[in-house]
Amino acid sequence: METIATPSVPTDKLGRNLRDLRISLTDRCNLRCGYCMPADVFTEDYPYLDRSHLLTFEEICVVAQAFAACGGKKLRLTGGEPLLRREAHVLVGMLKAIPGIQEVALTTNGLLLEKHLPALLSAGLDRVTVSLDALNDGIYQEMTGRKAGVGRVLDAITAAEEAGLPVKVNCVVIRGKNEGEVVPLAEYFRGRKAILRYIEYMDVGNCNGWTADEVYGAKEILADLGARWPLEPAGSNYTGEVARRYRYLDGIGEVGIIASVTQPFCRDCNRARLSAEGKLYTCLFASSGTDLRAVLRGGGDAGAILRETWGNRADRYSEVRGDGTSEKIEMSYIGG
């Protein structure tokens, strides 16, 4: 019997393997969070991508198959808000069928999650991450730029927990806006199945007007939590895990902190990002990407381009963070 050689797992110029791929399904969102899609920039007449420019589900699967052939294991669907893409659950099922893919997850703001949860579960979704920056309705509405209530998001999280779907809750902490929500959020989620993670405010994109003095750092977050409940460090679940984990000493759960600004983790970064229109980015802070849509629609070899792009990668933006003058792709376009 003829033996078919399996391509070796590609590494980038810093020796990092490709393990995770984040796939944006749309550049649209039903919220206007200031750090991602500020309302004064992303107005109703903003030139969003035409539907014909979006990768089809079949095209996304071709890229995902190439990713799996490179040793990739985990896929995460993002946006914008991914649940605004019609039939997102159908894509989940298609991706789950790809040999080598171990996990298909979804990041959402939670407003549409409860409605779509049964279909997502039937399709085999493995995990969901819900963005929630405050429990206080007023602060939540200020952060999201909309009049939506927190209760709708909390109900969706509860429904996911009760259905047995693993849940992570992400809170972006911005000094002067929601640092007072750090402890209330921890109190609410302590003892629950959902795992709370705090994220330092990062300089992704350019339209959010990020400044370093708005960063409420990991040390400050830990101090706030530790003053109420003593914590101890916990080990990583896997190489490249972006959140540093901490256990409550009383045994009631854990929290995570993603500290890209004050504690960069570029040396272990093993993720790439695919925009809704098919551009491949090798860093969250990238200024340009590789056009896989043109390759796919021109009959080219997306797998070869993927391997070549990853092999040429040398990104470590957070370790060498400069003066912020370079034009970076917006978070709403590339996914978080």
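**Paired strands and packed helices**

Visitor: Which residue in β8 stands opposite Pro233?

Guide: This is a predicted model, in which local features need pLDDT of at least 70 and side-chain atom pairs count only at pLDDT 80 or more, while totals for chains, interfaces and linings use all residues. Residues are numbered from 1 along each chain as its sequence is written, and side-chain values use heavy atoms, with hydrogens and water left out. Strands (E, at least two residues) and helices (H or I, at least four) are DSSP runs, numbered from the N terminus. In β8, the residue standing opposite Pro233 is Tyr246.

Visitor: In which sense do β7 and β8 pair?

Guide: Two strands pair if DSSP finds at least two bridges between them. Between β7 and strand β8 (residues 244-248) there are four bridges, and the sense of the pairing is antiparallel.

Visitor: In the hairpin of β8 and β9, which residue takes a positive phi?

Guide: Strand β9 (residues 254-258) runs antiparallel to β8 and is joined to it by four bridges, with Ile257 as the bridge partner of Arg244. Five residues lie between the two strands of this hairpin, and the one with a positive phi, near 85°, is Gly251.

Visitor: Which are the edge strands of the open sheet of twelve strands?

Guide: The order is β7-β8-β9-β6-β5-β4-β3-β2-β1-β10-β11-β12, and the pairing is mixed. Inside that order, β3 (residues 103-108) and β4 (residues 127-131) run parallel with four bridges, one partnership being Ala105 with Arg127. The strands that pair on one side only, and are therefore edges by that description, are β7 (231-234) and β12 (290-291).

Visitor: At roughly what angle do the axes of α2 and α3 cross?

Guide: Axes are lines fitted to C-alpha atoms, for helices over the stretch in contact, with angles from 0 to 180 degrees between N-to-C directions. Angles under 35 degrees count as roughly parallel, and α2 and α3 are therefore roughly parallel to each other. The axes of α2 (residues 88-96) and α3 (residues 113-123) come within 8 Å, and the crossing angle is roughly 15°.

Visitor: Which residues in α3 meet those of α2?

Guide: Contact here means heavy atoms within 4.5 Å. From α2, the participants are His89, Val92, Gly93 and Lys96, and those they meet in α3 are Ala119, Leu120 and Ala123.

Visitor: Over which residues does pLDDT stay under 50?

Guide: pLDDT is the predictor's confidence in each residue, from 0 to 100, and the protein averages 93, with 96% of the residues scoring at least 70. Where pLDDT is low, the predicted coordinates should not be read in detail. The stretch under 50, for which the model has zero contacts beyond four places in sequence, is residues 1-6.

Definitions and conventions: Angles under 35 degrees count as roughly parallel, over 145 as roughly antiparallel, 65 to 115 as roughly perpendicular and the rest as oblique.
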